[in-house]
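Here is a short briefing on pockets and packing. Please keep the model open while reading.

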Amino acid sequence: MKTRIITGIIFIIAVIAVASCDTDMEFKRYYIGGEPIYRQRCQNCHGANGEGLSSLYPALNDGTFLKTNKNLLACYVNNGIKGKIMVINGKSFVGDMPANDIAPVDIAKVLTYVGNSFGNKMGTFSSDEVSKQLKDCK
């Protein structure tokens, strides 16, 4: 009986360890893949460190804004923003952000990179999560 209990506990620990490892691997894959996309498509306006550009382009180091609008971020990246007034930390931004014609998996990667860089800690944005959000874009 003791052997079965010990074997069961070891099995459960092994399953948890494998699941945790898969989650870490997925995060690293998305995060590492998101950096070059950010550098190519976002950095010119939002800065190398997500600091933004004065009152023209908002900073991406505001975790509160990102967390509050987490369900809209994929839509912003995919469809862009045209003339919409956004208020972030009491600062107004009016202007255009170009649409990005990239696959949902690439949007997930860049959001994972931004969401976990510049002082942000938001975890992984999965491709499935982004695809669902894109269907709900208005």
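Which helices each supply at least two residues of the lining of the second largest pocket? They are α4 and α6 (127–135). The model is predicted. The points below cover its two largest pockets, its largest nonpolar core and helix α5.

**Second largest pocket**
- This pocket has a volume of about 260 Å³.
- Its lining is made of 15 residues. L72, C75, Y76, C137 and K138 lie nearest the centre.
- By class, the lining holds six charged, five nonpolar and four polar residues.

**Largest pocket**
- The space in the largest pocket comes to about 560 Å³.
- Seven elements are worth selecting here, as each gives two or more residues to the lining: α1 (2–41), α2 (43–46), α3 (63–68), α4 (73–79), β1 (85–88), β2 (91–94) and α5.
- The lining counts 32 residues. Nearest the centre of the largest pocket are H46, P58, L60, I81 and M97.
- Helix α5 provides the largest share of this lining, with four residues.
- Nonpolar residues number 25 in the lining of the largest pocket, beside four polar and three charged ones.

**Largest nonpolar core**
- The largest nonpolar core contains 26 residues.
- Within this core, Y38, I107, L111, V114 and V130 have the most contacts.
- α1, α3, α4, β1 and α5 each give two or more residues to the core.
- The largest share of the core again comes from α5, this time six residues.
- V114 touches several parts of the chain. Setting aside neighbours within four places in sequence, V114 is in contact with Y38, L60, L66 and N120.
- Among these partners, Y38 is also one of the core residues with the most contacts, while L60 is one of the residues nearest the centre of the largest pocket.

**Helix α5**
- Helix α5 covers residues 104–115, 12 residues in total.
- Why does its length agree with expectation? At 1.5 Å a residue, α5 should span 16 Å, and its end C-alpha atoms are 16 Å apart, so the two agree.
- Nine of the 12 residues of α5 are buried, so the rest of the structure largely encloses this helix.
- The buried residues of α5 are I107, A108, K109, V110, L111, T112, Y113, V114 and G115.
- Buried here means under 20% relative accessible area.

**Recap**
- Helix α5 gives the largest share of the lining of the largest pocket and the largest share of the largest nonpolar core.
- The second largest pocket draws at least two lining residues each from α4 and α6.

Methods. Residues are numbered from 1 along each chain as its sequence is written. This is a predicted model: local features need pLDDT of at least 70, side-chain atom pairs count only at pLDDT 80 or more; totals for chains, interfaces and linings use all residues. Side-chain values use heavy atoms; hydrogens and water are left out. The expected span of a helix is 1.5 Å times one less than its number of residues. Buried means under 20% relative accessible area, exposed over 50%, partly exposed in between (1.4 Å probe, protein chains only). On a 1 Å grid over the protein atoms alone, a cavity is a set of points where a 1.4 Å probe fits but cannot get out, and a pocket is an open set with protein on both sides within 12 Å along at least five of seven lines; lining residues have an atom within 4 Å of a point. Grid points are joined across faces, edges and corners, and a volume is the space filled by probe spheres set on the points. Ala, Val, Leu, Ile, Met, Phe, Trp, Tyr, Cys and Pro count as nonpolar, Asp, Glu, Lys and Arg as charged, and the others, Gly among them, as polar. A nonpolar core is a set of buried Ala, Val, Leu, Ile, Met, Phe, Trp, Tyr and Cys residues joined through side-chain atoms within 4.5 Å. Contact means heavy atoms within 4.5 Å.
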